[in-house]
Amino acid sequence: MQRYNVWQVIRAGLKGPGIWDKVWDQPEPKPYYDVIVVGGGGHGLATAYYLAKVHKIRNVAVIEKGWLGGGNAGRNTTIVRSNYMMPGNTEFYEHSLKLWETLSHELNYNVMFSQRAHVNLVFTPGQRDAMARRYNIMRLNGIDGEYWDRDELMKRIPHLAYDGRYPILGAYVQPRAGTARHDAVNWGFARAASALGVDILQGTEVTGFVKKAGAVVGVEVRRGGESREIMAEKVGLAVAGHTSVLAHKAGLGRLPIETHKLQAFVSEALKPILDTVVVFGGPGHFYISQSDKGSMVFGGDLDGYCSYAQKGNLPIYEDVMANCLAIMPCLGRVRVLRQWAGVMDMSMDGSPIITKTDIPGLYLNAGWCYGGFKATPGSGHVFAHTIAKDEPHEANRRLTLDRYARGYQIDESGHGPWAKVH
Amino acid sequence: MLRIPCPVCGPRDHTEFVYEGDATVAYPALDAPEQEWFEAVFLRENPRGPHSEIWHHTQGCRALLIVERDTLTHEISGARLAHPGMAAALEEDA
């Protein structure tokens, strides 16, 4: 792999951009792989990378029906945090955040991880008490968290509506949280995985599974209009949004997952106005940050009904804008440039599933709800461990599929078994 | 905006309704084995295509409806009252 460094940039400045190698290879499929990862989003690519890097399993393919990062990895609001309270989530998301902190160096690719602080606004004493409990539990688990009172908050973020419709009391903050460049994460993992020998097969759709004596031993794919089989010792699914579709084909049957859609929005570029991630929870549901390009990136609730359509509806559009104006009325004249929707695996307790399944040779990474982006390196790291060792990593041993039947749901928000409210 | 053809009120915006999920889920008897309750509470078909689902017309007639909707195209092919007796009565009236 051609390593990126400042001398290369200077050389390219003198000689022209022709000096750069292709970022990843586009090989033809081999007939057999040790591991096939289905899904070329961030999680699938990270899984392949850590399989090759940590576990030295290099005969690996990532199979993607579209193009890399064309699904949810390329359509999210890029927030990275680990402010979780429940056992199962705390250790997993903190594991992931630690990997983020060194990821650019690990991949030799600038993922533009910016630890700009994640600011959860507080509006009532009751909400402050509940969040104090959460942030204290985080601190007991070694995760950073602090309280900014109203004066402190006004100094740090002057542009909020402090005495608007919802007067602000203060905020709970995770300083190590922030944002990253979503495309760079995908491309960085793809480049590093490809350099270690992983085959990245784009435009290749998994249409079925090859089974022998009850075990999964390969996949059926459609590639360039032709159907063929590719065999593998192990197959891992990382296709959040479409997990149920493939689970039915693999014989896993029904899962505790519903597919819903979530919208996100990007405004025209502004001069710097917001250097943190702000979350308006409680009276509303809204989150906003400013990209390095200057665009405001924001989102709110799910559309509210099961859907595989990557198109959002207007009532939620209106709701998100109303939330925005309630908390940052200064953005009232700013124009929205783009809006899109992605399909989410909404699990019944709001927490993910990373586990081996009852079908030998089949491994499952699913149920990301709308928090999958921040999990990208952690998810890949522990999923690779689970596939390579046939047992969970310390950070995902509670993220099992059987926790629902055993009564050990990881229900962070306490909403109960309703996918649409998590 | 989805437009749901409520059999009582006529076509209405989906924002008048509350979505209650998969209509094919049948809750078992109270003393049924735990496995049956687990399946009813947690497991979902989650199809990519035609889906029977319950919508509650909270800001209209307040009836529970079973709506046939495609989860990929959002096309709605029918809506009827969820209560079989009420659905039959409405049919007779018409």
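Two strands count as paired if DSSP finds at least two bridges between them. Keep that in mind for the first exercise, and remember that this is a predicted model.

**Exercise 1. Work out in what order the strands of the open sheet in chain B are arranged, and which strands stand at its edges.**

Step 1. Let's start with the inventory: chain B has two helices and six strands. Reading from the N terminus, its elements go β-β-β-α-β-β-β-α.

Step 2. Four strands make up the open sheet, in the order E3-E4-E5-E6, with antiparallel pairing.

Step 3. The edges belong to strand E3 (18-22) and strand E6 (76-81) of chain B; each has a single partner strand, so one side of each has no neighbour in the sheet.

Step 4. Going from one strand to the next, the twist averages 30 degrees.

Step 5. Now zoom in on one pair. E3(B) and E4(B) run antiparallel and are joined by four bridges. To find one of these pairings yourself, look for B:Tyr19, whose bridge partner in E4(B) is B:Trp55.

**Exercise 2. Describe the overall extent of chain B and how much of it is buried.**

Step 1. Along its principal axes, the C-alpha trace of chain B spans about 40 × 30 × 20 Å.

Step 2. Chain B has 94 residues, and 19% of them count as buried. The cut-off for that label is 20 or more other C-beta atoms within 10 Å of a residue's own.

Step 3. What about contacts along the chain? Taking the contacts in chain B with a separation of 6 or more, 45% come from residues 24 or more positions apart.

**Exercise 3. Find how many residues each chain brings to the contact between A and B, and what chain B's side is made of.**

Step 1. Chain A brings 22 residues to the contact, and chain B brings 17 residues.

Step 2. On chain B's side, helix H1 (34-42) and strand E4 (50-56) are the elements that give two or more residues. H1(B) has the largest share, with three residues.

Step 3. Sorted by class, chain B's side holds seven nonpolar, six polar and four charged residues.

**Exercise 4. Explain why strand E4 of chain A is largely enclosed, and name the strands it pairs with.**

Step 1. Strand E4 of chain A covers residues 118-122, and five of its five residues are buried, so the strand is largely enclosed by the rest of the structure.

Step 2. Check which way the residues point. A:Val119 and A:Leu121 point one way from E4(A), while A:His118, A:Asn120 and A:Val122 point the other way, and all are buried.

Step 3. Strand E6 (residues 170-174) of chain A pairs with E4(A) in the antiparallel sense, over five bridges. Here A:Leu121 has A:Ala171 as its bridge partner.

Step 4. Strand E13 (residues 277-281) of chain A pairs with E4(A) too, in the parallel sense and over three bridges. This time A:His118 has A:Val277 as its bridge partner.

**Exercise 5. Decide how helices H3 and H10 of chain A are oriented to each other, and list the residues that meet.**

Step 1. The axes of H3 (residues 89-101) and H10 (residues 376-389) of chain A come within 7 Å and cross at roughly 110 degrees.

Step 2. Angles of 65 to 115 degrees count as roughly perpendicular. H3(A) and H10(A) are therefore roughly perpendicular to each other.

Step 3. From H3(A), the residues in the contact are A:Phe92, A:Tyr93, A:His95, A:Ser96, A:Leu99 and A:Trp100; from H10(A), they are A:Pro377, A:Gly378, A:Ser379 and A:His381.

Step 4. By class, that gives five nonpolar, five polar and no charged residues.

**Exercise 6. Lay out the domains of chain A and describe how they touch.**

Step 1. The domain assignment splits chain A into domain 1 (30-108 + 182-256 + 349-421) and domain 2 (118-176 + 258-347).

Step 2. Taken over C-alpha atoms, the centres of these two domains of chain A are separated by 27 Å.

Step 3. Domain 1 of chain A puts 31 residues into the contact, and domain 2 of chain A puts in 29 residues.

Step 4. On the domain 1 side, H3 and helix H8 (243-250) of chain A are the elements that give two or more residues. H3(A) gives the most, with three residues.

Step 5. The classes on the domain 1 side come to 12 nonpolar, 14 polar and five charged residues.

Definitions and conventions
Residues numbered from 1 in each chain as written. Chains lettered and ligands numbered in written order. Predicted model: local features only at pLDDT ≥ 70, side-chain atom pairs only at ≥ 80, totals over all residues. Contact = placed C-beta atoms within 7 Å. Nonpolar A, V, L, I, M, F, W, Y, C, P; charged D, E, K, R; others polar. Buried ≥ 20, exposed ≤ 12 C-beta atoms within 10 Å, placed from the backbone. Axes fitted to C-alpha atoms, helices over the stretch in contact; angles between N-to-C directions. Parallel < 35°, antiparallel > 145°, perpendicular 65-115°, else oblique. Domains from an automatic or database assignment.
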